[in-house]
Amino acid sequence: MSEGDESAALTELAKRRGFFFGSSEAYGGVGGFYTYGPQGAALKSNVEEAWRERFAVQEGNLEIEAPTIMPEPVFEASGHLDGFDDMLVECAECGESHRADHLIEDNSELEDAETLSPEEAAEKIADLGLVCPTCGADLAGQSVEDFNLMFETNIGPGSSTPGYLRPETAQGIFVEFPRIKEYARNSLPFGVTQVGRAYRNEISPRKSIVRTREFTQAELEHFIDPERDEADLSAVEDVEVLLYPATEQEADDGDYVETTIGEAVEDGVIGNAWLGYFLGIAQEWYETVGVDMDRFRFRQHLAGERAHYSSDCWDAESEVDGDWIEIAGFSYRSDYDLSKHGEYGDDDFTVFQQYDEPKTVERAVVDPDMATLGPEFGAQAADVAEALETLAERDPDAFDADEVTLDIDGEEVTVDTDVANFSVETQTEAGEHITPHVVEPSFGIDRTVYTLLAHAYETDEVDGEARSYLSLSPSVAPTNVGVFPLVSNVDELVDLADDVAEELRAAGFAVVYDDSGSIGRRYRRQDEVGTPFCITIDRDGLEGDGANTVTIRERDSGKQVRLPVDDLVGTLVGLRAGTASFDDVLDDNEVVEA
Ligand code: GAP
């Protein structure tokens, strides 16, 4: 399909067949909010479940569910209040708001306009002679401003307790770290996952569910001791990946690196083994849920592109309509978040790490003489004592002098060193408190759903008729199986079809029962929403050699086999889990000519 066609066909199909559509349309609609219809809600929920299974269950991680609204101090600490901005340019003529970096990227060769400062962006807009996409007015001379993307609200009546809708699910995990570390028995490394809604007041939402104002993230915060915890790459070292490192993006030729995770980590292309580990399992997971891996890459962030908390970041990107879409970010967040919450919050965001052997260390200590400090410094005496303790830890040599100078709330005070009773003690320590580092795989579920639909959308011709179908993976398809009685006026046939549908539902399959229209029409309806298998109950399945048998048809190939009703559940379990292919089923059963 040509560029733009894929998205247009997808958006049309999504609305017509109930995957997703703009919400509140009865009231004119509002940009950036989408409702998932029955097909879309089921697909999205299956993707979330597949993610949970891989990243929470199989990795042995802990899953939590935190509130979506959090008080202002959380976001002061996290840096989102100050630093979570996009560049806004407003049209003086029609008042429409636009994202300055997107305007520049859409109209020039530049691919990283978000690295520009607002002033540079304004200059670029003028140089490129950009006009308002809505009304065509000249945007040269318009200022570009930083716009904070968080939705603000008030918690309770009045405005004394401002809160924000979380812009990432991650903060719910970081803020609860002091309690969660207890559930993890204070034993690093451990991972905590959360699947839930995040909110960003995007300046210009676009591409349907790709950039919305309310979306679902599936995030894993993996807490490590950077000095001791090494990633075990054995499970992923041979996983082949297509990498687009920052160095290649900066080079004129912009080549990709085709390699394995093991080699990329060894060669330093991926600078951190934990990031390598998560890229490896993500590559495999995307493949199992049905992303076309020929339209998939990992791109490293350029230095100016990284979020305020990130020291290295790779995005998983999928190609749709010739554009690359970021569908997940893999970030090394270091100890940024836990240190900030430790600084701003009242709890302990560190973990006590026991040494293998107790260590004997020399510690500079003070025992301030309060009988002298009290009369001399009055209400400030306790602060002076505390400042002496801090100085002893930081700069023990300072106590060689007769007096030391301290900063007490911005005021300089001088204290005789005798009063401090300074000494160096030998102590035995069992361990130390460390602030864990965080490695974060953060998946956008909506963008994954969009990618799966775009990559699954196919057209072909069946019996001389054009057909469009979704070749969705059986592991995530909204409906697992269609059940069709060939005719609806033969009681025995309808009874068997009812029994088959009931048995499959009881076994946990999502079943659509359809007895209206020709079999061909019924197939087409299910093909279009990606149902991988359809079962037809016909007269041959009622009597003689074929008694209690049905036919099962595979969506993409249209091939059919006849198999006993008793084998249905087992066969479909294997097909859905990917442990069996339809070719295996064809080999083991009587093939039926379509
Ligand atoms: N905790 C890290 C974090 O939030 P991010 O790269 O800003 O990182 C992670 O977001 C993922 O969330 C993205 O890769 C994308 O898939 C998804 N995402 C971000 N903004 C989105 C939006 N406005 N609409 C839909 N999905 C979005």
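**Entry 1. The largest cavity**

I began with the enclosed space and recorded that Pro474, Asn480, Phe509, Pro532, Phe533, Leu572 and Arg576 line the largest cavity. I noted that the model is a predicted one. The volume of this largest cavity comes to about 30 Å³. I then asked how many cavities of 30 Å³ or more there are. The count is one. By type, the lining of the largest cavity divides into five nonpolar residues, one polar and one charged. I kept in mind that rolling a probe the size of a water molecule over the atoms shows where empty space is left.

**Entry 2. The second largest pocket**

I turned next to the second largest pocket, which holds about 410 Å³ of space. Its lining is made up of 20 residues. Which residues lie nearest the centre of this pocket? I listed Ala50, Glu53, Val289, Ser475 and Arg576. Arg576 was already in my notes, as it also lines the largest cavity.

I then looked up which helices contribute to the pocket. At least two lining residues come from each of α2 (38-57), α11 (273-289) and α19 (568-577). Of the elements, α2 gives the most, with five residues. The lining of the second largest pocket comprises eight nonpolar, eight polar and four charged residues.

**Entry 3. Domains and the record**

I consulted the domain assignment of the protein chain, which gives domain 1 (85-148), domain 2 (351-434) and domain 3 (479-591). Between the C-alpha centres of domain 1 and domain 2 I noted 54 Å.

I also consulted UniProt, where an unreviewed entry lists residues 5-474 as "domain: Aminoacyl-transfer RNA synthetases class-II family profile". In the model, the end C-alpha atoms of residues 5-474 are 25 Å apart. This span is 32% helix and 31% strand.

**Entry 4. Aromatic pairs**

I found that the structure holds 23 aromatic pairs. I examined phenylalanine 177 and phenylalanine 190, and asked why the pair counts as stacked. The ring centres are 5.9 Å apart and the planes stand at 10 degrees, so the pair is stacked; planes under 30 degrees apart meet that description. Phenylalanine 177 belongs to helix α8 (residues 177-183) and phenylalanine 190 to strand β10 (residues 190-199), so that the pair links distant parts of the chain, 13 residues apart. Are these two residues buried or exposed? Phenylalanine 177 and phenylalanine 190 are buried.

I then examined the pair of tyrosine 286 and phenylalanine 296. This pair is tilted, with 5.1 Å from centre to centre and 50 degrees between the planes. Tyrosine 286 lies in helix α11 and phenylalanine 296 in strand β14 (residues 296-300), so the pair ties together parts that are ten residues apart in sequence. Both tyrosine 286 and phenylalanine 296 are buried. I noted further that Tyr286 and Phe296 belong to one aromatic cluster, together with Trp51, Phe55, Trp285, Phe298, Phe330 and Phe443.

**Entry 5. The loop between α8 and β10**

I returned to the chain between α8 and β10 and looked up its backbone. The peptide bond from leucine 188 to proline 189 is cis, with omega near -5 degrees. Proline 189 has its place in the loop between α8 and β10. I set beside this the general remark that most peptide bonds are trans.

Serine 187 is also placed in the loop between α8 and β10. With 39% relative accessibility, serine 187 counts as partly exposed. I recorded a separation of 8.6 Å between the C-alpha atoms of serine 187 and phenylalanine 352, although these positions lie 165 residues apart along the chain.

**Entry 6. Two residues with positive phi**

My last search concerned phi, which is negative in most residues other than glycine. Lysine 207, which is not a glycine, has a positive phi of about 55 degrees. I located lysine 207 in the loop between β10 and β11 (214-224). The relative accessible area of lysine 207 is 35%, and the residue is therefore partly exposed.

Aspartate 321 likewise has a positive phi, near 55 degrees. I located aspartate 321 in the loop between β15 (312-320) and β16 (323-334). Is aspartate 321 buried or exposed? The relative accessible area of aspartate 321 is 9%, and the residue is therefore buried; the limit for this description is under 20%.

Technical notes:
Residues numbered from 1 in each chain as written. Predicted model: local features only at pLDDT ≥ 70, side-chain atom pairs only at ≥ 80, totals over all residues. Heavy atoms only, no water. Domains from an automatic or database assignment. 1 Å grid on protein atoms, 1.4 Å probe; cavity = no way out; pocket = protein on both sides within 12 Å on 5 of 7 lines; lining within 4 Å. Points joined across faces, edges and corners; volume = space filled by probe spheres on them. Helix = DSSP H or I, 4+ residues; strand = E, 2+ residues; numbered from the N terminus. Nonpolar A, V, L, I, M, F, W, Y, C, P; charged D, E, K, R; others polar. UniProt positions renumbered as here; feature names shortened; annotations may be inferred. Phe/Tyr/Trp six-rings, centres within 6.5 Å; stacked < 30°, edge-to-face > 60°. Buried < 20%, exposed > 50% of the residue type's maximum accessible area, 1.4 Å probe, protein only.
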